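User: I've got a model open here and I'd like to go through the labels people put on it. Can you back each one up with its value?

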Amino acid sequence: MNTIKDETYIRLAKDKSNGVRLTDPEITYVSKMEQLEYMCDFRPDWFPDEYKQKKIEGLYADFLKASNGSR
C-alpha cells in the first residue's frame, strides 16, 4: 500500500474518523487526497512517486487558498 505521508492529510483524516467537524476546505482536501491515495494504490504504474508528490503539492496549495479565503 502506497499510503500518502502528508502530515496535514493524516491529521485531518484522523480528525474526520474521530468525528471532529471539518471545514469545507478540509473536507474537500481529505476527499481529494483519499481519491489520490486510492488511485495510487490501485494503479501505482499510473501514479509514479514524482507525479504523486506533484499532485499532493497542488492539492495542498489549493487547500491553503481555500482555507485562507474562508476566514
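Analyst: What follows takes a few labels one at a time and sets each against its cut-off. Keep in mind that this is a predicted model.

User: Let's start with the helix pairs. Why are H1 and H2 called roughly perpendicular?

Analyst: Their axes cross at roughly 110° and come within 10 Å. Angles from 65 to 115 degrees count as roughly perpendicular, so H1 gets that label relative to H2. Here H1 covers residues 7-17 and H2 residues 24-42.

User: Which residues make that contact?

Analyst: On the H1 side you have Thr8, Tyr9, Leu12, Ala13 and Lys16, and from H2 come Glu26, Tyr29, Val30, Met33, Glu34 and Glu37. By type, that's six nonpolar, four charged and one polar.

User: And what makes H2 and H3 roughly antiparallel?

Analyst: The angle again: H2 and H3 pack at about 170°, with their axes 9 Å apart. Anything over 145 degrees counts as roughly antiparallel, and the pair is therefore labelled that way. The H2 side of the contact includes Pro25, Tyr29, Met33 and Cys40, and these meet an H3 set with Ile56, Leu59, Tyr60 and Phe63 among them. The residues of this contact split into ten nonpolar, four charged and one polar.

User: How do you know that the buried residues of H1 line one face?

Analyst: The buried ones are Thr8, Tyr9 and Leu12. Looking down the axis of H1, they fall within an arc of 95°, so they sit along one face of the helix. Glu7, Lys14 and Ser17, on the other side of H1, are exposed.

User: What do the buried residues of H1 pack against?

Analyst: Their partners are H2 and H3.

User: Leucine 22 is in a loop, between H1 and H2. What makes it count as buried?

Analyst: Buried means under 20% relative accessible area. Leucine 22 has 11%, so the label is buried. As for its surroundings, leaving aside neighbours within four places in sequence, leucine 22 is in contact with Leu12, Asp15, Lys16, Ile27 and Val30. With leucine 12, the C-alpha to C-alpha distance is 7.9 Å, for a separation of ten residues in sequence.

User: Now the opposite label. Why is lysine 65 called exposed?

Analyst: The cut-off for exposed is over 50%. Lysine 65 comes in at 61% relative accessible area, so it qualifies. Lysine 65 sits in helix H3, and its C-alpha is 9.0 Å from that of proline 25, though the two are 40 residues apart in sequence.

User: Back inside. Which members of the largest nonpolar core touch the most others?

Analyst: Of its 13 residues, those are Ile4, Tyr9, Leu12, Tyr29, Met33 and Leu36. Two or more residues each come from H1, H2 and H3, the last spanning 49-69. H2 gives the largest share, five residues.

User: What is methionine 33 in contact with, away from its sequence neighbours?

Analyst: Once neighbours within four places in sequence are set aside, methionine 33 is in contact with Ile4, Asp6, Tyr9, Ile56 and Leu59. Contact here means heavy atoms within 4.5 Å.

User: Last one. Where does glycine 19 sit, and what phi does it take?

Analyst: Glycine 19 comes just after H1 and takes a positive phi of about 85°.

Note on methods
Residues are numbered from 1 along each chain as its sequence is written. This is a predicted model: local features need pLDDT of at least 70, side-chain atom pairs count only at pLDDT 80 or more; totals for chains, interfaces and linings use all residues. Side-chain values use heavy atoms; hydrogens and water are left out. Axes are lines fitted to C-alpha atoms, for helices over the stretch in contact, and angles run from 0 to 180 degrees between N-to-C directions. Helices (H or I, at least four residues) and strands (E, at least two) are DSSP runs, numbered from the N terminus. Angles under 35 degrees count as roughly parallel, over 145 as roughly antiparallel, 65 to 115 as roughly perpendicular and the rest as oblique. Ala, Val, Leu, Ile, Met, Phe, Trp, Tyr, Cys and Pro count as nonpolar, Asp, Glu, Lys and Arg as charged, and the others, Gly among them, as polar. A nonpolar core is a set of buried Ala, Val, Leu, Ile, Met, Phe, Trp, Tyr and Cys residues joined through side-chain atoms within 4.5 Å. Buried means under 20% relative accessible area, exposed over 50%, partly exposed in between (1.4 Å probe, protein chains only). The arc is that of the directions from the helix axis to the C-beta atoms.
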